[in-house]
Amino acid sequence: MVSLSHTLKKAREAKGLSQKELASLIDMAQAQYSRIESGKTDPSFSVVVRISKALGLTVSELFQADEIFTDTNSYDKTVMEKLR
């Protein structure tokens with residue numbers, strides 16, 4: 001089973017965002033977001049909703065991010081648009 005922290009990282013990278021950029025989008029300190037992405041702390045549901053919105057995904061898609069972004073080349077952002 002793939003962890004939420006792993007899928008968050010994969011989705012963020014696929015969108016071409018740094019941790020600092022995403023943290024800023026969800027009004028959170030980068031260090032706090034880093035702890036979520038590294039699996040050191042679990043986010044509340046409201047934080048998961050904010051992250052999914054910042055990434056332009058539904059919460060459901062966020063939990064499927066590992067499957068959605070598996071074959072995506074991070075340099076080809078047009079693929080991400082096609083997935084939407």
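**Packing of helices H1 and H3 and the nonpolar core**

Helices H1 and H3 are oblique to each other, a class that takes the angles left over when those under 35 degrees count as roughly parallel, those over 145 as roughly antiparallel and those from 65 to 115 as roughly perpendicular. The structure is a predicted model, in which local features need pLDDT of at least 70 and side-chain atom pairs count only at pLDDT 80 or more, while totals for chains, interfaces and linings use all residues. Residues are numbered from 1 along each chain as its sequence is written, and side-chain values use heavy atoms, without hydrogens and water.

H1 spans residues 4-14 and H3 residues 30-37; the two pack at an angle of about 120°, their axes being 8 Å apart. Helices here are DSSP runs (H or I, at least four residues) numbered from the N terminus. Axes are lines fitted to C-alpha atoms over the stretch in contact, and angles run from 0 to 180 degrees between N-to-C directions. Ser5, Leu8, Lys9 and Arg12 of H1 meet Tyr33, Ile36 and Glu37 of H3, where contact means heavy atoms within 4.5 Å. Of the residues in this contact, three are nonpolar, one is polar and three are charged.

Within H1, the buried residues (under 20% relative accessible area, 1.4 Å probe, protein chains only) include Ser5, Leu8 and Arg12. Just after H1, glycine 16 adopts a positive phi of about 75°.

One salt bridge is counted, the criterion being a side-chain nitrogen of Lys or Arg within 4 Å of a carboxyl oxygen of Asp or Glu. Glutamate 37 and arginine 12 form a salt bridge, with the closest N and O atoms 2.7 Å apart. Because glutamate 37 lies in H3 and arginine 12 in H1, the pair ties together parts that are 25 residues apart in sequence. Both glutamate 37 and arginine 12 are buried.

The largest nonpolar core (buried Ala, Val, Leu, Ile, Met, Phe, Trp, Tyr and Cys residues joined through side-chain atoms within 4.5 Å) comprises 14 residues, and Tyr33, Ile51, Leu55 and Leu62 have the most contacts inside it. H1, H2 (19-25), H3 and H4 each give two or more residues to this core, the largest share, three residues, coming from H4.

Leucine 62 touches Thr7, Leu8, Ala11, Val48, Ile51, Ser52, Leu55 and Leu57, residues up to four places away in sequence not being counted. Serine 52, located in H4 (residues 45-54), is counted as buried because its relative accessibility is 2%. Apart from neighbours within four places in sequence, serine 52 contacts Leu57, Thr58, Val59 and Leu62.

Methods:
Ala, Val, Leu, Ile, Met, Phe, Trp, Tyr, Cys and Pro count as nonpolar, Asp, Glu, Lys and Arg as charged, and the others, Gly among them, as polar. Buried means under 20% relative accessible area, exposed over 50%, partly exposed in between (1.4 Å probe, protein chains only).
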